[in-house]
Protein chains: 2
Amino acid sequence: VKRVVIGGATHGNEWIGAWLVERWLTHPDEVTRASFETLPLLCNPAALAERTRYIDQDLNRSFDGPSNAEGAPLESRRAAEILRQLGPNGRTPADVVLDLHTTTANMGLTYILTNRDPFNLRMAAWVKQHVPNLKVYGWIDDTLPRRSFSSIVARGATIEVGPTANNVVRGDLLLGTKSIVAACLDFVEAHNQADPATRARVELELFSHLSVQDYPRDADGRLTAFIHPEFQDRDYQPLEHGDPIFMTLDGQTIGYQGRETVYPVFINEAAYYEKGIAFSLTEKQLLNV
Amino acid sequence: VKRVVIGGATHGNEWIGAWLVERWLTHPDEVTRASFETLPLLCNPAALAERTRYIDQDLNRSFDGPSNAEGAPLESRRAAEILRQLGPNGRTPADVVLDLHTTTANMGLTYILTNRDPFNLRMAAWVKQHVPNLKVYGWIDDTLPRRSFSSIVARGATIEVGPTANNVVRGDLLLGTKSIVAACLDFVEAHNQADPATRARVELELFSHLSVQDYPRDADGRLTAFIHPEFQDRDYQPLEHGDPIFMTLDGQTIGYQGRETVYPVFINEAAYYEKGIAFSLTEKQLLNV
């Protein structure tokens with residue numbers, strides 16, 4: 001690995017990554033390791049300046065449709081620009097991408113895998129050894145290739161921390177994000193040094209993506225229910241048949257209808273109302289990596 | 001009291017009030033009482049449609065400068081429109097205004113007084129009897145008259161619930177807001193019926209506004225620190241000399257320098273970064289009302 005890119009402000013209202021990247025741009029020593037270059041990158045500075053998730057469309061769903069065309073969405077043009085610099089055929093290709101996000105859901109410190117590349121699984125296991133409360137979520141959906149920033153190269157991860165509002169910096173989650181990034185950089189350094197610790201067999205608990213669940217809606221598409229108070233904040237907790245998931249505006253409880261025990265994530269994420277996602281469901285797996 | 005107005009979406013990204021007002025517009029029976037009219041009002045529908053706090057400027061700081069002029073800020077024109085309808089000289093004047101807000105700060109269920117009108121103090125005490133975990137915050141600043149929606153008439157309150165991100169509905173806080181509104185309407189009904197319970201002498205714990213505290217900044221005005229992790233979420237908890245309040249980006253702790261015990265509120269409210277407010281300070285008072 002010659003070059004690690006750390007992205008912040010892929011969403012311009014997620015400030016922890018933005019603040020850390022801005023810090024590291026002026027204090028590169030804090031993310032320097034001996035055997036590779038670390039490149040902090042503000043991914044969507046226009047959206048950051050506007051304190052909004054995006055200007056025209058979600059940058060983190062734009063890397064499968066980059067465009068230089070005048071009149072193309074700002075984020076398509078920005079994706080093209082980033083790929084020209086850091087993509088596999090770019091001027092200075094990234095070997096590993098870490099992309100820093102926040103969520104309004106109670107996901108704690110989450111490491112998102114977008115593929116099962118052994119390097120990524122081993123980096124996840126390494127980070128979890130150094131950040132024990134880390135959760136590893138495998139959001140692997142082969143029907144949606146290369147849309148996210150961290151998937152422009154095979155190696156890397158999306159870091160997702162919460163719960164936090166947008167447009168604020170929560171100190172505990174900022175410090176948690178720093179500790180995850182430090183562990184990732186240490187892993188890459190150990191990997192480059194062929195440290196046998198990077199290849200030790202370990203068990204990894206993985207929450208593997210199954211499906212997404214939309215809100216109940218009326219005929220006009222308007223939401224008719226909200227996340228049930230007893231379900232709110234129960235990310236990564238087992239969800240069983242009959243457990244409350246929604247409460248309608250007239251006070252009725254809607255229970256989970258599935259038969260299998262599942263593990264929800266992204267419960268009540270602000271940005272996913274428009275995507276039709278009230279929460280996502282995962283199954284828990286134990287991998288030997 | 002002939003008319004109570006319940007405002008939601010005064011800030012278009014605070015959805016609990018917006019959802020409740022939209023519900024009550026189609027289900028008025030849920031907020032009807034025998035002796036007065038209840039009028040639910042979407043205060044800033046344009047900002048709600050854009051899922052943003054405001055379009056041109058904060059509507060809740062616009063009621064001292066209403067304007068019908070073409071080219072005036074959207075919120076100045078909306079304030080003028082609301083005053084023409086509901087102001088003291090309006091077509092259908094409001095007698096009591098309840099304005100429903102959310103905050104990213106850990107303020108639980110908060111009832112904000114903007115003056116010490118005895119009606120308002122007694123309504124606060126009544127609501128606290130029915131919602132025991134209610135906090136009452138007196139944000140009384142005579143240098144800033146009539147800027148907020150709830151101050152267009154002397155009687156009323158701003159309801160502020162948190163912590164929650166913007167652009168989400170948290171069920172527990174929605175139910176809490178409903179219970180506060182119900183208690184307010186019951187108080188007005190009892191007041192109209194000359195129920196002696198509305199005049200019983202009670203003690204009221206009031207957190208009375210003292211001052212606001214900005215973030216540390218560099219010469220260019222950029223923030224150099226964030227709310228200290230040990231201070232985050234400690235709204236309404238005593239703050240003593242030396243207690244941590246900020247952490248700088250290079251990890252230094254900044255302590256509180258005041259000599260008196262104070263009680264902070266609005267710690268890390270997203271919308272107040274631009275207002276230069278990291279948190280506000282209050283003192284605790286016991287009133288006989």
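## Strand 1 of chain A

A residue counts as buried when its relative accessible area is under 20%. With that cut-off in hand, let's look at this predicted model, starting with strand 1 of chain A, residues 3-8. Six of the six residues in this strand are buried, so the strand is largely enclosed by the rest of the structure. You can follow this on both of its faces: one side carries Arg3(A), Val5(A) and Gly7(A), the other carries Val4(A), Ile6(A) and Gly8(A), and all of them are buried.

Strand 1 of chain A has partners to look at as well. It runs parallel to strand 2 of chain A (residues 37-42), and six bridges join the two. If you want a spot to find this pairing on screen, look for Gly7(A), which stands opposite Leu41(A) in strand 2 of chain A. Between these two strands the chain passes through helix 1 of chain A (residues 15-26), making a β-α-β crossover that is right-handed. Strand 3 of chain A (residues 96-102) is also parallel to strand 1 of chain A, with four bridges joining them. Here Ile6(A) has Leu98(A) as its bridge partner.

## His101 in chain A

Staying with strand 3 of chain A, we come to His101(A). Is this residue buried or exposed? His101(A) has a relative accessibility of 4%, so it counts as buried. Its side chain makes a polar contact with the side chain of Glu14(A), at 3.1 Å.

Leaving out neighbours within four places in sequence, the residues in contact with His101(A) include Thr10(A), His11(A), Glu14(A) and Asn60(A). Thr158(A), Ile159(A), Glu160(A) and Val161(A) are in contact with His101(A) too.

## Gly8 and Asn60 in chain B

Over in chain B, Gly8(B) is part of strand 1, residues 3-8. Gly8(B) has a relative accessible area of 0% and is buried. Although Gly8(B) and His101(B) are 93 residues apart along the chain, their C-alpha atoms are separated by 7.2 Å. Beyond residues up to four places away in sequence, Gly8(B) touches several others, among them Gly17(B), Ala18(B), Val21(B), Leu41(B) and Asp99(B).

Asn60(B) sits in the loop between helix 2 (45-49) and helix 3 (74-86) of chain B. This loop residue is buried, at 5% relative accessible area. The Asn60(B) side chain reaches the backbone nitrogen of Phe149(B) at 2.8 Å. Setting aside sequence neighbours within four places, the contacts of Asn60(B) include Thr10(B), His11(B), Asp99(B), His101(B) and Arg147(B).

## Where the two chains meet

Now for the interface. Here, 33 residues of chain A are in contact with 34 residues of chain B. Together the two chains bury about 2600 Å², and 62% of that area is on carbon and sulfur atoms. Three residues, Trp19(B), Phe226(B) and Leu249(B), provide 21% of the area that chain B buries against chain A, more than any other three residues.

How many salt bridges does the rule find across this interface? There are six between chain B and chain A. One to look up is Glu22(B) with Arg222(A), whose closest N and O atoms are 3.2 Å apart. Polar contacts between the chains come to 10 residue pairs, with both residues at pLDDT 80 or more. On the chain B side, helix 1 (15-26), helix 5 (171-192) and strand 8 (225-227) each supply at least two of the residues that touch chain A. Helix 5 of chain B gives the largest share, with five residues.

Notes
Residues numbered from 1 in each chain as written. Chains lettered and ligands numbered in written order. Predicted model: local features only at pLDDT ≥ 70, side-chain atom pairs only at ≥ 80, totals over all residues. Heavy atoms only, no water. Buried < 20%, exposed > 50% of the residue type's maximum accessible area, 1.4 Å probe, protein only. Pairing = 2+ DSSP bridges. Right-handed = clockwise from strand over helix to strand, strands pointing away. Contact = heavy atoms within 4.5 Å. Buried area = accessible area lost by both parts, 1.4 Å probe. Salt bridge = Lys/Arg side-chain N within 4 Å of Asp/Glu carboxyl O. Polar contact = N/O pair within 3.5 Å; in protein donor to acceptor, adjacent residues only side chain to side chain.
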